[in-house]
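User: I am new to this structure and would like a close look at its interior. Please walk me through it slowly, and explain each term as you go.

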Amino acid sequence: MKITLNQDPAFPETEVIINCPRADEDILRLVAMLRVYQKKLVGLKDGERRLLDVKDILYIDTADKKTFLYTENAVYESALKLYELEDALRELDFLRAGRSAIVNFRRIQSIRPELGGRMLVTMDNGEQVYVSRQYAGELKGKLRELERSILQ
């Protein structure tokens with residue numbers, strides 16, 4: 001793969017163009033990663049609606065029929081339901097961790113197996129989230145996929 005970066009203050013905005021013989025799985029993954037930087041979610045905190053970069057969200061969970069977005073330093077409430085966020089963020093490496101949680105795979109620092117088939121993930125900021133046995137297989141699959149892509 002050939003990578004070229006052209007910098008010029010005269011460019012009005014950043015534009016990414018991918019020239020390829022065909023859009024294979026690697027190219028589609030690259031496009032999805034680039035789209036992460038464009039996606040925003042609305043979070044409510046202290047009576048203000050704030051635009052949050054999706055890449056900054058560590059995990060999402062629900063409590064008392066409310067959905068919360070966790071960043072490194074703050075917690076925001078979302079008007080969206082967990083299943084709506086799961087659908088919207090699936091292509092951006094967000095994985096279901098349990099009935100009431102979704103984690104950002106790209107923000108996981110470490111993973112440790114636990115009793116009963118569960119897994120404990122530690123996020124970039126040190127917070128820990130349990131992945132239930134039901135969803136641990138998806139996380140393991142994502143890890144294998146990552147390892148394979150590094151070896152290629």
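Analyst: Helices (H or I, at least four residues) and strands (E, at least two) are DSSP runs, numbered from the N terminus. With that in hand, let's start at helix 2, which spans residues 82–89 and holds Glu-86. The model is predicted, so local features need pLDDT of at least 70 and side-chain atom pairs 80 or more, while totals for chains, interfaces and linings use all residues. Numbering starts from 1 along each chain as its sequence is written, and side-chain values use heavy atoms, without hydrogens or water.

Glu-86 is buried (under 20% relative accessible area; exposed is over 50%, partly exposed in between; 1.4 Å probe, protein chains only), because its relative accessible area is 17%. Beyond its neighbours within four places in sequence, Glu-86 is in contact (heavy atoms within 4.5 Å) with Arg-96 and Ile-102.

Before going further inside, here is the setting. The protein chain has 3 helices and 10 strands, and reading along the sequence gives α-β-β-β-β-β-α-β-β-β-β-β-α. Along the principal axes, its C-alpha atoms fill a box of roughly 50 × 45 × 25 Å. Of the 152 residues in the protein chain, 32% are buried. If you take the contacts between residues at least 6 apart in sequence, 38% of them join residues at least 24 apart.

Now to the largest nonpolar core (buried Ala, Val, Leu, Ile, Met, Phe, Trp, Tyr and Cys joined through side-chain atoms within 4.5 Å). This core has 17 residues, and those touching the most other members are Val-103, Val-121, Met-123, Val-131 and Leu-139. At least two residues of this core come from each of strand 6 (94–98), strand 7 (101–104), strand 9 (119–123), strand 10 (128–131) and helix 3 (133–151). Another core lies apart from this one; it has 14 residues, including Val-54, Ile-60, Tyr-76 and Leu-82.

Val-103 is a good residue to pause on. Leaving aside neighbours within four places in sequence, Val-103 is in contact with Leu-58, Tyr-59, Asp-93, Phe-94, Leu-95, Ala-97, Ile-108, Val-121, Met-123 and Val-129. Two of the names in that list, Val-121 and Met-123, also appear among the core residues that touch the most other members.

Tyr-59, another contact of Val-103, leads us to the aromatic rings. Rings of Phe, Tyr and Trp (its six-membered ring) pair with centres within 6.5 Å; planes under 30 degrees apart count as stacked, over 60 as edge-to-face, the rest as tilted. The count here comes to 1 aromatic pair. That pair is Tyr-59 with Tyr-70: the ring centres are 4.3 Å apart and the planes meet at 10°, so the pair is stacked. Because Tyr-59 lies in strand 3 (residues 59–63) and Tyr-70 in strand 4 (residues 66–70), the pair ties together parts that are 11 residues apart in sequence. Tyr-59 counts as buried because its relative accessibility is 7%. Tyr-70 is buried as well, since its relative accessible area is 14%.

To finish, here is a contrast with these buried residues, found in helix 1 (residues 25–36), where Leu-34 has its place. Leu-34 counts as partly exposed because its relative accessibility is 35%. Asp-26 also lies in helix 1, and a relative accessible area of 42% makes Asp-26 partly exposed. From Asp-26 to Asp-61 the separation is 35 residues in sequence and 30 Å in space, C-alpha to C-alpha.
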